[in-house]
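Here's a quick walk through a protein model, from the overall fold down to one enclosed space. Have the viewer open as you read.

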Amino acid sequence: MMKHFSKDENMLRAVCLAAFGTLRRSEICALTTDDVRGNTISISKAMARFSNKEWIIKTTKTISSTREVIMHALNVPDQYIMQRGGWSSDKTLKEVYRGTINDYEQKYLDVTIKHFESMQHEI
């Protein structure tokens, strides 16, 4: 998907924020530069259609939806990403937002292989 949107920087950013940053479409649309500090994005508002006519900026869906986002790429454990995402279970994280980051795929494959190789040597 990222390759598909590589020529459209705005769409690529939106896809990355949704896939890796646990943001909803309405939250992405409401982002401003003031919401970004380094690798952290503050989520405190969402853009929604009012009476099917005009778009408005409103508060987030729930109080727990107001959060700062930290990504898997920073090696943050799932339970903390769930907390930031405002989810009470890992269902949404697993089904919708968890993405494989290519740079880390080989890293974790190597960790797994090394673990099983060390177990084999112990046996």
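## Overall layout

The protein has five helices and five strands, counted as DSSP runs numbered from the N terminus (helices: H or I, at least four residues; strands: E, at least two). Along the sequence the order goes α-α-β-β-β-β-β-α-α-α.

This is a predicted model, where local features need pLDDT of at least 70, side-chain atom pairs count only at pLDDT 80 or more, and totals for chains, interfaces and linings use all residues. Residues are numbered from 1 along each chain as its sequence is written, and side-chain values use heavy atoms, with hydrogens and water left out.

## Burial

Of the 123 residues, 21% are buried (under 20% relative accessible area, 1.4 Å probe, protein chains only). The exposed area comes to about 9300 Å², with 55% supplied by carbon and sulfur atoms (Shrake-Rupley method, 1.4 Å probe).

## Glu27

Glu27 sits in helix α2 (residues 25-30). Buried or exposed? Glu27 is buried, at a relative accessible area of 2%. Beyond its neighbours within four places in sequence, Glu27 has contacts (heavy atoms within 4.5 Å) with Thr22, Ile43, Lys45, Ala46, Thr60, Ser65 and Arg67.

## The cavity

Glu27 also helps line the largest cavity, along with Ala30, Leu31, Asp35, Ser42, Ile43, Ser44 and Lys45. Helix α2 and strand β2 (40-43) each give two or more residues to that lining. The space in this cavity is about 30 Å³.

A cavity here is a set of points on a 1 Å grid over the protein atoms alone where a 1.4 Å probe fits but cannot get out; lining residues have an atom within 4 Å of a point. Volume is the space filled by probe spheres set on the points, which are joined across faces, edges and corners.

Conventions
Buried < 20%, exposed > 50% of the residue type's maximum accessible area, 1.4 Å probe, protein only. 1 Å grid on protein atoms, 1.4 Å probe; cavity = no way out; pocket = protein on both sides within 12 Å on 5 of 7 lines; lining within 4 Å.
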